[in-house]
Amino acid sequence: MKRLALAALTAGMAVTAQAATIDLNINNETIRAEYDAPLPQNRLNMAVGALYHEEKNSDALVGHLGLHTQEDTATYSIGVGGRIYALTGTGDIDGAAIGLGLQGGFSFAQIPQMRFGGHLYFAPQVASFGDVDGMTDLSLRVYYQALQDVDVYLGWRKMEVDVGAGSDDLDSNLNFGFVMNF
């Protein structure tokens, strides 16, 4: 059921993409998709996405909805904002978290096809609900412009979810992905 929900979300994002980006990445245990588009105010973007993680005897689905400002120049981009995360997983773990953070990237004029970027969002216990007592979402990436409107990348993601007395690295692995720009 969770795989079907992620597939439907991904298909819906692809159909509605205009002046936006679609970001898809995968590793052996996780698949993630995100659609990011500017709102009519031009400096405010909305992002919607989902991550599905599967291990030996457990799985989890994390969806997010975010709003962030976005500033782009020839050498850097930066966004500041927030995300609402919803989590469901095996063992009847369900919850939500509101995270604040930033995202961005930079490039060097000497290597115009390559850029570096990532994001960091943090939700403390006071902004977490249900079984979730806190959450950290960190991603670092190296992008290469493969086509005019497509960047491929190698990334590393650490998504940590605090549940009860401990914390669990939901994902802490390398991933491969691409970003399509529309």
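How many nonpolar, polar and charged residues does the lining of the largest pocket have? In this predicted model, the split by class comes out at 13 nonpolar, 18 polar and nine charged. The pocket itself has a volume of about 820 Å³. It is lined by 40 residues, and those closest to its centre are Thr21, Gln70, Asp72, Ser77 and Arg115. Strands 1 (21–26), 2 (30–38), 6 (76–89), 7 (93–108), 8 (111–123), 10 (132–147) and 12 (166–181) each put two or more residues into this lining. Strand 8 chips in the most, with seven.

Next comes the second largest pocket, at about 220 Å³. Here 15 residues do the lining, with Asp59, Ala60, Ile93, Asp168 and Leu170 closest to the centre. Two or more lining residues come from each of strand 4 (59–69), strand 6, strand 11 (150–163) and strand 12. Strands 6 and 12 thus turn up again, having also given two or more residues to the largest pocket. As for class, the second pocket's lining has six nonpolar, five polar and four charged residues.

What about closed space? Searching the whole structure turns up one cavity of 30 Å³ or more, with a volume of about 30 Å³. Its lining is made up of Arg32, Ala50, Leu51, Val62, His64, Asp137 and Met159. Strand 3 (44–54) and strand 4 are the elements that give two or more residues to that lining. By class, the cavity's lining residues are four nonpolar, one polar and two charged.

Methods
Residues are numbered from 1 along each chain as its sequence is written. This is a predicted model: local features need pLDDT of at least 70, side-chain atom pairs count only at pLDDT 80 or more; totals for chains, interfaces and linings use all residues. Side-chain values use heavy atoms; hydrogens and water are left out. On a 1 Å grid over the protein atoms alone, a cavity is a set of points where a 1.4 Å probe fits but cannot get out, and a pocket is an open set with protein on both sides within 12 Å along at least five of seven lines; lining residues have an atom within 4 Å of a point. Grid points are joined across faces, edges and corners, and a volume is the space filled by probe spheres set on the points. Helices (H or I, at least four residues) and strands (E, at least two) are DSSP runs, numbered from the N terminus. Ala, Val, Leu, Ile, Met, Phe, Trp, Tyr, Cys and Pro count as nonpolar, Asp, Glu, Lys and Arg as charged, and the others, Gly among them, as polar.
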